[in-house]
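Reader: Please take me through this one. I want the reason behind each label.

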Amino acid sequence: MKRRNLLGAIAAAGALGAAPPVRRNGLRPLFSDCGCAPQVQTSKDKPPGSTVFKDVGSKLRITNMQVFGVTLDERIAQADRPYVFVKLETNQGVVGWGEATLEGKASAAMACVMDLKDHIIGSDPMQVEHLYQLMYIGSFYRGGPVLGSAISGIDQALWDIRGKVLNLPVYELLGGPVDPRGVRGYYHASAWSLAQARELRDRTKAAGVTALKFQLPDLLEWVETGAKLKRAVKHLEMLREGLGPDVDFACDFHARPSPTVAAIILREIEPLHMLFAEEVCPPENLRAMAKAVKYSTTPIATGERLIAAYGCAEVIDMGIVDILQPDIAHVGGVTALWKVSAAAEASGIRMAPHACEGPIGGIASLHVDAAGPNFLAQEICGFVDGGEKARVWEDLMGFPAMRMVDGRYPLPRGVGLGINISEAALKRYPFQGTRPFPTTFFEDGSIASL
Amino acid sequence: MRRPLPDFGVSFAPPQSAAHPLAITSFRAWRIKEPVSGRRYTVVKLQSQSGNSGYGEGGPASGLEIAEARGAVTGRRATESEFVRSRFAKVPALEAAVSNAMLDLVSRSREIPVYQYFGGPTRFKARLLAHLEGADENAITPSLERAKRHGMLAFTMPALSRDSMVPLRAYVDSMRKRVAAIHAKGGPDAEWVLDASSGMTPGDAATVATALEKNHLMWFDEPTGVLTADALAKITSESVMPIGLGRTVTDISFFQGLLRDGTINVLRPSLGLNSLVKIKRMAAIAETHYVAVSPYHDGGPIGTLAGVHLNAALPNSFAQQVPVPANDRDAAMRADITSGNKEVAEKGYAALFNRPGWGFDVNERALDAHSEERI
């Protein structure tokens, strides 16, 4: 009874605090405020609104938040960008890690993570949904890639803490793995001749890998020449011939073509029965994308630039795609990726989460993938031959992170996200500033979509 | 409405190590019937290798279905709610009971409340909606008085059914009078939901919804049993009265379709037919349409209190429905099952139990005493 009275008192105090200012003559000022005043909570709680949960939450509290920029040597990670890692510390010694890497905007993502500090320090990390709402709705500007990535990094770290505290891997908290052996994955690849494609096929099979992803051979304008269209189709036909029927392959159009050009290519590559065609045109205009894909039965995938479940709702509801590819480092972490997966499942859409960041995001994705009946395949920016980057990731993570075994990424066996980042290793790859996303141009000097 | 999920060709791996602490080793069930209302529900108890146990409630299920469920989940880990959602897609009452029992078990094994396991509290108290027994303003009185004594401030009121001989205008006037009379009974602090229990044609429902707009009811519940897009659009395109429905729906995709069409304002999945895990998925979809979830419940007290945990953990929940018995014998039985009446509120809100699992002790002797069958 006392507890209820106390909670009531807190609510009343909040209401009093919210009252608009009163002049000396007892009248409220007219025409001198925007009207928000009666609704604004003037609570001095840190984080805002937290006091009311003190009797229903845990005793765990976030005591510190750090953000790490991690820059790899350009020679070993050409297309990679500085990784942005987030570390949360608690009053009980449990720490959580997440990833907020944002291509070409590392400094902005790092600053945005720290902008959210007042929402996070002092909070109960077990309240993952509430804290997600606090960061998303409480930021007023809902979404966008910078905020989405910052929320993603923090949310992953919160789930890592949750799992560690509950002594369970995150995928167990999400409903258990469909297949404990792991989740199917694919690597990136390129081959520019039939001989190369055949050699790639042999190495792929030898590594036990079942799927690869390629890109189109050219940049594409909004209307294209017959020569370039033919080269695009011939390239994909060559890949199918070289890889044979047993290696699945996808093609990332990388939003280069217009819907007009995409429709022509999609029409002609249907007989190749590809795993999927990705980002077949730019993502901003879904009606335009719908126009492009209606001529093809090749599975269409998109979603890496979509933020929050809200950002994915329209593409699901319009029935444009067969496969959704939100990125756990942008969409809003475990919380948002799970929600998108739930909505996709109800519409018969499979999930193939994008992951072109560092190893934490990839591993966090595996947890959501494992518990999703509609999961198809997980991306990572890696190759059949792991090379120097795989060595760096092993240095950071202490194990060969995101390397497939028998065509699957093995599920982490540890609790939480199942990772333990070496801060000593992080120091070997110090942040060297934002690396802009590479730009490219057509031969007439106009900007091309890469 | 009992369509399975979209088929992704998924086959779940067989049970892992039977020695795992969370591996389910024991499964019991009770088929419960309340003595006066005749309300039926199923309670499942699971026990794991570690000795932890958990209880879950679902709608009525047959003995055969329960026996099959026992075989399917024994040896599975109590975290495998996705397996249960898939395996029991065509037996929704047991999907709810088994999955919820697993949530209770795992939460108890971690010594945290279910709402904490389920994503943590998004609110520190949960609004209750009292579902009153009785078909008219007089018949609801005992139930209403009980609900008010138990601190509830939001109630359902029964809509009038329309005899075909009654002119539409007279019917609407009668409905207005009923709403006014029931409003007066509830007092100034009461909030109301008009419950048509699927009893109207879409056309009549549209007329009633429009006529009652200025009464500011919270929503118009289950106005029609005709759940086609066109029928529901007839109601929602003519009125701004919020429409709540879905008490018979077990298909997440069906709700998604209503949300796309804009023909639903409050999702009302039944706790007897959908697990908390499944309703969380429905809620995630509803969230992107700015639609609230307020689970329907016409089962027992374990179900009600599970709904309170769900309400606490979802960002877009609004209220948890509580069946409030008119008869003392039913009320006593419900209190007996939960070792004392827990279906109570203070100023309209239920407090959250910050104790492991559901946060109360299930009285197995009461389950034994009130069951039609123990399995």
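Author: This is a predicted model. Over all chains, the disulfide count comes to one.

Reader: What makes Cys356(A) and Cys381(A) a disulfide?

Author: Their sulfurs lie 2.4 Å apart. The cut-off is a pair of cysteine sulfur atoms within 2.5 Å. The pair therefore counts as a disulfide. The link is right-handed, with 80° about the S-S bond.

Reader: Why can one say that this pair ties together separate parts of the sequence?

Author: Cys356(A) lies in the loop between strand 10 (350–351) and helix 13 (359–370) of chain A. Cys381(A) lies in the loop between strand 11 (378–379) and helix 14 (387–397) of chain A. The parts are 25 residues apart in sequence, so the bond ties them together.

Reader: Why is Cys356(A) called buried, and why Cys381(A)?

Author: Buried means under 20% relative accessible area. Cys356(A) has 9%, so the label fits. Cys381(A) has 10%, so the label fits there too.

Reader: How do you know that Cys112(A) has no disulfide partner?

Author: The closest cysteine sulfur, in Cys312(A), is 18 Å from the sulfur of Cys112(A). That is too far for a bond. Cys112(A) is buried, at 11% relative accessibility.

Reader: What rules out a bond for Cys312(A)?

Author: Distance again. The closest cysteine sulfur to that of Cys312(A) is in Cys281(A), 16 Å away, which is too far for a bond. Cys312(A) is buried, with a relative accessible area of 0%.

Reader: Which side chain has a polar atom 2.7 Å from the backbone oxygen of Cys356(A)?

Author: That of Arg81(A). Arg81(A) sits in the loop between strand 1 (62–70) and strand 2 (83–90) of chain A. Beyond four places in sequence, Arg81(A) touches residues including Thr101(A), Glu103(A), Cys356(A) and Phe437(A).

Reader: Is Arg81(A) buried or exposed, and how do you know?

Author: Buried. The value is 9%, and the limit is under 20%, so Arg81(A) falls inside it.

Reader: What about Glu284(A), buried or exposed?

Author: Exposed. Its relative accessible area is 70%, and the label needs over 50%, so Glu284(A) qualifies. Glu284(A) is in the loop between strand 7 (277–278) and helix 10 (286–293) of chain A. Its C-alpha is 15 Å from that of Ala262(A), and the two are 22 residues apart in sequence.

Reader: Which residues have the most contacts inside the largest nonpolar core?

Author: Leu88(A), Ile154(A), Leu212(A), Leu46(B) and Phe220(B). The core has 239 residues. At least three come from each of domain 1 (24–111) and domain 2 (117–362) of chain B. A second, separate core has ten residues, among them Tyr186(A) and Phe276(A).

Reader: What does Phe220(B) touch?

Author: Beyond four places in sequence, its contacts include Leu194(B), Met200(B), Val208(B), Met241(B) and Ile243(B).

Reader: How far apart are the centres of the two domains of chain B?

Author: Taken over C-alpha atoms, 25 Å. The contact takes 29 residues from domain 1 of chain B and 33 residues from domain 2 of chain B.

Reader: Where in chain A does pLDDT stay under 50?

Author: Over residues 1–19. The model has 19 contacts beyond four places in sequence for that stretch. Where pLDDT is low, the predicted coordinates should not be read in detail. Chain A averages a pLDDT of 91, and 90% of its residues score at least 70.

Key: Residues numbered from 1 in each chain as written. Chains lettered and ligands numbered in written order. Heavy atoms only, no water. Core = buried A, V, L, I, M, F, W, Y, C linked by side-chain atoms within 4.5 Å. Buried < 20%, exposed > 50% of the residue type's maximum accessible area, 1.4 Å probe, protein only. Domains from an automatic or database assignment. Contact = heavy atoms within 4.5 Å. Helix = DSSP H or I, 4+ residues; strand = E, 2+ residues; numbered from the N terminus. pLDDT = per-residue confidence, 0-100. Polar contact = N/O pair within 3.5 Å; in protein donor to acceptor, adjacent residues only side chain to side chain.
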